[in-house]
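This report is meant to be read with the sequence and the model side by side. Please look at both before going on.

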Amino acid sequence: MERIYLDNNATTIVDPMVKQAMEPYFCDKYGNPNSLHSFGTEVHPDLRVAMNRLYKGLNAAEGDDILITGCATESNNTVLKGVYFDLIKNGEKNHIITTTVEHPCVANTCRFLESQGVKVTYLPVNQDARVEADAVRHAITEKTALVSVMWANNETGIIFPVKEIARVCRDEGVLFHTDAVQAIGKVKVDVQDVPVDFLSLSAHKFHGPKGIGALYIRSGLKLQPLLHGGEQMSGKRAGTLNTAGIVGMGLAMELASDNLEYEATEVRRLRDRLEDGLLKLKDVMVLGRRELRVPNTVFISVRGVEGEALLWDLNKNGIAASTGSACASESLEASPVITAIGVGAELSHTGIRLSLSRFTTESEIDRALKVFTEAVGRLRAISASY
Ligand code: C6P
C-alpha cells in the first residue's frame, strides 16, 4: 500500500539535495572543525558557506549571532534560561510573558523557571487562536525581562502578529523571542523586517536533518550559555560542531527560501483542496481562518469521532497524520493548545492535524481525502456519541 505523509509539522523528509550535500562529512571530510590540522581546517570554507546561507535565509546582519544548537528545544531553553541567569536571578526583573499555546519546550521551561521564583504570564489566545500585540503591551510591567511568542503554532498553523509584538517590545524596552520553528520555509522570516531579539529554528522542519537547530541573537545581545565546556562557538555553545548537520541545515535553509513562492501558491492550493474536501463532511470544524494560517496546515475536528481512533484508521489505510504535536502523542489528554483555544470539551478530543510539504502531490491529496471520508463514515457508524 502506498503511504502518504501528511505530518510535516512533526518532521519532514530530508531533501535529496541536502542528503547528498551532507554525505562527504561522514567518511571523507570528517575532521573536527576545531582541530588545527588539515582534516579540521578543510571543512572551514564549507561551514562558512553554510553559515552565510543561514544569515541570508533570515536576512540577518553581519554583527548578529547565529548559534548552532542541537534542536529548537535547545534554542528555546538557551533563551529562557539565559535571560533568567542574565537578567532575573540576581537582577531587578522577575517577569516573563508567553502564551498558553507555546510548544512544551517553551511552556515547560517557563514552568521550571516559575519553580525558581520567576513570575510568568501566560497570555490566552483570542477567537482567532492568536495573541494580539495589545495584549502583550498590557501585560508588560517594569519587571518584565522577556516576551516569548511563537511565530506560527505547530498544531493549528496560526501565524501570530510577531511584527507588531516585536515593535511593542522595542517600544517598551523588553527583549522579544520568537519560536519560528513552524514558520521557516512556510512564510518569509526576515529579522530586519520583524525586529526580534532572539529566534529559534530546527532544521528537520524544513527538509534538513534532525539533531541540528539554530538560535538567532541580535547584535549586541549576550546570553549565558546553556552548555558549558570547550571553546566552540566562542564559548557560547560548547560541544563539537556537527559539520554534516550544519552543511545540511545551511542548504535546507537556502532551498526553503527558494521555495517560498511555491509554498505560498502550490502547497497552499493543495492544502485548500484538502480542506475544501474535508469541509464537505457534515459536522466538522477547521480551526483558525485560512488567511491567518501557514500554507501547509489544517487542523480539523470531526464531531462524534475520537482523534486517536481516526488517526489509527488513517494509519491503517496508509495516511500519516497526527492529533497534535508529535511529542505529546502518547498522552490521551486533549491537547493543551486545543483546550486553550476553547473549542469546548465535546470537540477537544476530536482533532486531527494534517500538514503538507513541497513534496506532497495532488494525487496524494485526492487519495487522502477519499481515505479520510471513508474512515469518518466507518467510525461514525459505530460512534455512541454521533
Ligand atoms: N514540534 C510537532 O509535532 P525540536 O524537537 O527541538 O526539533 O522542535 C521542538 C519544537 C519547538 N517549537 C515548535 C513550534 C515545534 O513545533 C517543535 C516541534 C513537533 O508539532 C514535534 S513535538
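What follows treats the ligand and its surroundings, then the cysteines, and then single residues in helices, strands and loops. The model is a predicted one.

**The ligand and its shell**

How many residues surround the ligand? There are 19 of them, and the closest are Thr 73, Asp 179, Gln 182, Ser 202 and Ala 326. Sorted by class, this shell holds eight nonpolar residues, eight polar residues and three charged residues. Two domains contribute to the shell: domain 1 (4–12 + 260–381) and domain 2 (16–258) each supply at least three residues.

Some side chains place an N or O atom at a short listed distance from an oxygen atom of the ligand. The table gives three such pairs.

| Side chain | Partner | Distance |
|---|---|---|
| Thr 73 | oxygen atom of the ligand | 2.6 Å |
| His 204 | oxygen atom of the ligand | 2.8 Å |
| Asn 154 | oxygen atom of the ligand | 2.9 Å |

On its own, the ligand would expose 520 Å², and the protein buries 92% of that area.

**Cysteines**

A disulfide requires two cysteine sulfur atoms within 2.5 Å. By this rule, the number of disulfides in the model is zero. Why does Cys 110 not form a bond with Cys 105? The closest cysteine sulfur to that of Cys 110 belongs to Cys 105, but it is 10 Å away, so the two are too far apart for a bond. Cys 169 is in no disulfide either, since the nearest cysteine sulfur, that of Cys 110, lies 14 Å from its own.

Are Cys 110 and Cys 169 buried or exposed? Cys 110 has a relative accessibility of 0% and therefore counts as buried. Cys 169 is buried as well, with a relative accessible area of 1%.

**Residues in helices**

Asp 313 sits in helix H11, which covers residues 307–316. Its relative accessible area is 4%, so Asp 313 is buried. Which side chain does the side chain of Asp 313 contact? It makes a polar contact with the side chain of Asn 317, at 2.9 Å.

Leu 347 belongs to helix H13 (residues 345–348). Leu 347 is buried, with a relative accessible area of 7%. Its C-alpha atom is 36 Å from that of Arg 167, and these two residues are 180 residues apart along the chain.

Glu 164 is part of helix H8, residues 162–172. With a relative accessible area of 40%, Glu 164 is partly exposed. The C-alpha atoms of Glu 164 and Thr 109 are separated by 25 Å, with their positions 55 residues apart along the chain.

**Residues in strands**

Strand E5 (residues 144–148) contains Val 147. Val 147 has a relative accessible area of 0% and is therefore buried. How far is the C-alpha atom of Val 147 from that of Ile 97? The separation is 4.7 Å, although the two residues are 50 residues apart along the chain.

Ala 320 is located in strand E11, which spans residues 319–320. Ala 320 is partly exposed, at a relative accessible area of 25%. Its C-alpha atom lies 9.9 Å from that of Arg 353, a residue 33 positions away along the chain.

**Two loop residues with positive phi**

Most residues other than glycine have a negative phi. Two residues are worth checking against this background.

Met 233 is not a glycine, yet its phi is positive, about 50°. Where is Met 233 found? It lies in the loop between strand E8 (213–217) and helix H9 (243–258). Met 233 is partly exposed, with a relative accessible area of 22%.

Asp 283 also has a positive phi, of about 55°, and is not a glycine. The loop that holds Asp 283 runs between helix H10 (260–279) and strand E9 (284–286). Asp 283 has a relative accessible area of 41%, so it counts as partly exposed.

**Summary**

The ligand has 19 residues around it, and 92% of its area is buried by the protein. The count of disulfides is zero. Met 233 has a positive phi, and Asp 283 has a positive phi too.

Technical notes
Residues numbered from 1 in each chain as written. Predicted model: local features only at pLDDT ≥ 70, side-chain atom pairs only at ≥ 80, totals over all residues. Heavy atoms only, no water. Buried < 20%, exposed > 50% of the residue type's maximum accessible area, 1.4 Å probe, protein only. Near = heavy atom within 4 Å. Polar contact = N/O pair within 3.5 Å; in protein donor to acceptor, adjacent residues only side chain to side chain. Areas by Shrake-Rupley, 256 points an atom, 1.4 Å probe, with all protein chains shown as cover. Nonpolar A, V, L, I, M, F, W, Y, C, P; charged D, E, K, R; others polar. Domains from an automatic or database assignment. Helix = DSSP H or I, 4+ residues; strand = E, 2+ residues; numbered from the N terminus.
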